[in-house]
Amino acid sequence: MSPGPTALPTRERADSCPGALETHAAADGALARIRIPGGALAATQLRTLATAARDLGDGALELTSRGNVQLRGLTAGGEGELGDRLAAGGLLPSATHERVRNLVASTLSGRTPGGSVDVRPWSAAFDAGLCAEPALAGLPGRFLVTLDDGRGDVAGLGGDVGLFDLDPQTVALTLGGADSGLRTTPDDAVALALAATRAFLAERAEQGGTAWRLAELEDGPARIAGRVGGTSTEPVAVPPSPASGPAGAVAQTDGRMALVAVVPLGRLTAAQADLIAELATDAQLTPWRSIAIPDRPDAGAAAELAAAGLVLEPGSAWLRVTTCAGLPGCAKSRADVRADATAAVTTGTLPADGARQHWAGCERRCGRPRGDVVDVLATATGYRVEKS
Ligand code: SF4
């Protein structure tokens, strides 16, 4: 629990990122974004979100590219009730910091091969440290922290501050998605990331207080590294983030299995969330709009998840298609992009089949993934396919 202040610190420029308490007025009602640090959700919390979606929202949990959850179409006056439910469920440890707990972590860290540390304790410790410092509530809502256990799945997501494990004794500090050259040990890694986060806020203030992201600061990485201090080594290349995460059954190092279910277009229904809560004591949301269900005795539940509409085939077209909200959620949209993309996937008529593609209702292209993506843009006369 945070001892943070009751009033938000002044933000020098309007920060429109929605939160769980400061919702966004969308065309289909209020939209609440609930930060899930490291994507880590206990089964009880998943049930809390599913029930809230059913009672107060449009019946689904929207998964974001940062492994957070959005509830849409909140009923008038439902925000207060939602806040109470989230707080009771341990999903709102700090009312003042709720929008700045943007933290992605390696998928299934500590459970599946690929990394040399378990970043789950880092995730919990960083979040607790963040929420314990009143000044850090002043971070922009877009500030992102990445915690990569060495498998290279999230270090390349362009986090403002990140930890990238290089070997069991050495952790690199990343700034703006690139290696800063600063090194630490796993035990001291969270303290270094918090120091870099404070340094970002101090540098941001010195440069006028208007930058949302570290990349917007003049000479940001060097200045923040200088504020943090320490001996620098030759930076290593940070691997680009993969186009999609794992899907299907993944063997854990302890002999058990994890199931990774991709959620078509990121819309997890309350019924699907309840089913997952039955199968695991905890789950992890990923930046690829999927949900990892660990510690299964075998892969037998995959059929049940697939029957519920989730996707466990690594080659499925659903892994390559993302959309913005579109109509009816966004008044700017020229089309119901989700319905149109769903029809294209299910009828096998995707316009650029085989390619990653992002369908959007207007040129803003909200939710577009990083990297090589074909744009499928709604226009007044149909969709225009733009290959980058
Ligand atoms: S891309 Fe345009 S239509 Fe889609 S959600 Fe963003 S603003 Fe709305």
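I began at Leucine 285, which stands opposite isoleucine 291 in β15. The model is predicted, and I read every entry with that in mind.

**Entry: the hairpin**

I looked up how the two strands around that pair are joined. Strand β14 covers residues 282-285, and 2 bridges tie it to β15. The two strands run antiparallel. β14 and β15 make a hairpin, with 4 residues between them. I checked phi in the turn and found arginine 289 with a positive value of about 55°.

**Entry: the other side of β15**

Next I asked which strand besides β14 is joined to β15. Strand β12, residues 257-262, is joined to β15 by 5 bridges. This pair is antiparallel. I noted two facing pairs. Valine 260 is opposite alanine 292 of β15. Methionine 257 is opposite arginine 296 of β15.

How covered is β15? I found that 6 of the 7 residues in β15 (residues 290-296) are buried, so I wrote it down as mostly covered.

**Entry: an odd phi in β15**

Aspartate 295 lies in strand β15. Its phi is positive, about 65°, although aspartate 295 is not a glycine. I flagged it because most residues other than glycine have a negative phi. I then looked up its exposure. The relative accessible area of aspartate 295 is 23%, so it counts as partly exposed. The cut-off for buried is under 20%.

**Entry: the whole sheet**

I traced the sheet outward from β15. It is an open sheet of 5 strands, in the order β3-β14-β15-β12-β11. The pairing is antiparallel. The edges are β3 (40-42) and β11 (248-251), each paired on one side only. I also took the twist: neighbouring strands are turned by 25° against each other on average, direction ignored.

**Entry: α1 on the sheet and against α6**

What lies across this sheet? I found α1 across β3, β14 and β15. α1 runs at about 85° to β3.

I then checked α1 against another helix. The axes of α1 (residues 43-56) and α6 (residues 270-279) come within 9 Å and cross at roughly 165°. That angle makes α1 roughly antiparallel to α6, because angles over 145 degrees count that way. The crossing of α1 past α6 is left-handed.

I listed the contact residues. From α1 come Ala43, Leu46, Arg47, Ala50 and Arg54. From α6 come Ala270, Ala271, Ala273, Asp274, Ile276, Ala277 and Glu278. Sorted by class, the contact of α1 with α6 holds 8 nonpolar and 4 charged residues, with no polar ones.

**Entry: α3 against α4**

I ran the same checks on a second helix pair. The axes of α3 (residues 120-132) and α4 (residues 189-206) come within 10 Å, crossing at roughly 40°. α3 and α4 are therefore oblique to each other. α3 passes α4 in a right-handed crossing.

Which residues make the contact? α3 gives Trp122, Ala125, Phe126, Gly129 and Leu130. α4 gives Ala189, Val190, Ala193, Leu194 and Thr197. The contact of α3 with α4 divides into 8 nonpolar and 2 polar residues, with no charged ones.

**Entry: aspartate 160**

Is aspartate 160 buried or exposed? I first placed it: aspartate 160 lies in the loop between β7 (145-148) and β8 (161-167). Its relative accessible area is 2%, so aspartate 160 is buried.

I looked up what surrounds it. Leaving out residues up to four places away in sequence, aspartate 160 touches Arg142, Phe143, Leu144, Thr174, Leu175, Gly176, Arg213 and Leu214. I also took one C-alpha distance. Aspartate 160 and phenylalanine 143 are 17 residues apart along the chain, and their C-alpha atoms are separated by 6.2 Å.

**Entry: two loops with unusual backbone**

I went on to a cis peptide. The cis bond joins leucine 327 and proline 328, with omega about 5°. I flagged it because most peptide bonds are trans. Proline 328 is in the loop between β16 (321-323) and α8 (337-346).

My last stop was arginine 365. Its phi is near 55°, a positive value in a residue other than glycine. Arginine 365 sits in the loop between β17 (357-360) and β18 (374-379). Its relative accessibility is 22%, so I logged arginine 365 as partly exposed.

How values were computed: Residues are numbered from 1 along each chain as its sequence is written. This is a predicted model: local features need pLDDT of at least 70, side-chain atom pairs count only at pLDDT 80 or more; totals for chains, interfaces and linings use all residues. Side-chain values use heavy atoms; hydrogens and water are left out. Axes are lines fitted to C-alpha atoms, for helices over the stretch in contact, and angles run from 0 to 180 degrees between N-to-C directions. Angles under 35 degrees count as roughly parallel, over 145 as roughly antiparallel, 65 to 115 as roughly perpendicular and the rest as oblique. A crossing is left-handed if the near helix is turned anticlockwise from the far one by less than a right angle, and right-handed if clockwise. Contact means heavy atoms within 4.5 Å. Ala, Val, Leu, Ile, Met, Phe, Trp, Tyr, Cys and Pro count as nonpolar, Asp, Glu, Lys and Arg as charged, and the others, Gly among them, as polar. Buried means under 20% relative accessible area, exposed over 50%, partly exposed in between (1.4 Å probe, protein chains only). Two strands pair if DSSP finds at least two bridges between them.
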